[in-house]
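Q: Please take a close look at a single part of this model and describe it carefully for someone in the first year of study. I would like the terms explained along the way.

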Amino acid sequence: MSIYLTKPDLYFFGQYNEMMTEWQTSGTQIAPWFLDKPFENIGDFAEFIQMLDNCERGNLDKKYASTTSYFVTDENGRLIGAASLRHYLTADGFSTWGHIGYGVRPSERLKGHGTNILKMTLEEAKLMKIHKVLMGCHSSNIGSAKVIESCGGVLENTVTDPDDKNETIRRYWIDNR
């Protein structure tokens, strides 16, 4: 099955809400950073899409990095996940996590989508001339660690999660030339 990176759009309002409801019901971690919960109305979703556009264009608090956000769809146009690509690292907490974040909705896991999403996002990073990519995943997320390693990730270190002192983050570098 083919999957595609696509820019967030109002078209996905219903599918986004369905995906986020599934994610919340599963009780599993939601990623990347911009995914949160279903929206009550399309106006709020439109503001969300505008916020993502502003983040990509650098129209945000200067302590944060410009970030391109993607929805991930399958060949039938079904929303199956998301990815984010930070254009550069900053001194804030996001530098702990690195350049790329991705997530696959619970019903679509264990189908190889995570690896394909990461490979496609690395290609986007290459187009932005990001040749050394930092990535992080919770140490307890064995599946994500395997995805990162299968895409060339070399473990640099493990650090305490700044948001959850009981959790650690495995940090990897990927040579993206």
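A: Lys 129 is exposed, because its relative accessible area is 66%; on this scale, buried means under 20%, exposed means over 50%, and partly exposed covers the range in between, as found with a 1.4 Å probe on protein chains only. Before going on, please keep in mind that this is a predicted model, in which local features need a pLDDT of at least 70 and side-chain atom pairs count only at pLDDT 80 or more, while totals for chains, interfaces and linings use all residues. Residues are numbered from 1 along each chain as its sequence is written, and side-chain values use heavy atoms, with hydrogens and water left out.

Lys 129 sits in the loop between helix 4 and strand 5 (132-138), where helices (H or I, at least four residues) and strands (E, at least two residues) are DSSP runs numbered from the N terminus. The backbone of Lys 129 deserves attention too, since its phi is near 65 degrees, a positive value in a residue other than glycine. For background, most residues other than glycine have a negative phi, and most peptide bonds are trans. Leu 110, which is not a glycine either, also has a positive phi, about 65 degrees. Leu 110 lies in the loop between strand 4 (100-104) and helix 4, and its relative accessibility is 90%, so it counts as exposed.

Both of these loops border helix 4, and we can now look at how that helix packs. Two packed helices are described by the angle between their axes and the distance between the axes. For helix 4 (residues 113-127) and helix 5 (residues 142-150), the axes come within 9 Å and cross at roughly 45 degrees; the axes are lines fitted to C-alpha atoms, for helices over the stretch in contact, and the angles run from 0 to 180 degrees between N-to-C directions. Helix 4 and helix 5 are therefore oblique to each other, a label left for angles that are neither under 35 degrees (roughly parallel), nor over 145 (roughly antiparallel), nor 65 to 115 (roughly perpendicular). Helix 4 passes helix 5 in a right-handed crossing, meaning that the near helix is turned clockwise from the far one by less than a right angle, whereas an anticlockwise turn would be left-handed.

Which residues of the two helices meet? On the side of helix 4 they are Gly 114, Thr 115 and Leu 118, and on the side of helix 5 they are Val 147, Ile 148 and Ser 150, with contact taken as heavy atoms within 4.5 Å. These residues divide into 3 nonpolar, 3 polar and no charged; Ala, Val, Leu, Ile, Met, Phe, Trp, Tyr, Cys and Pro count as nonpolar, Asp, Glu, Lys and Arg as charged, and the others, Gly among them, as polar.

For contrast with the exposed loop residues, consider Asp 161 in strand 6 (residues 154-161), which is buried, with a relative accessible area of 4%. Leaving aside residues up to four places away in sequence, Asp 161 touches Trp 97, His 138, Glu 167, Thr 168 and Ile 169. Asp 161 and Trp 97 are 64 residues apart along the chain, and their C-alpha atoms are separated by 9.2 Å.
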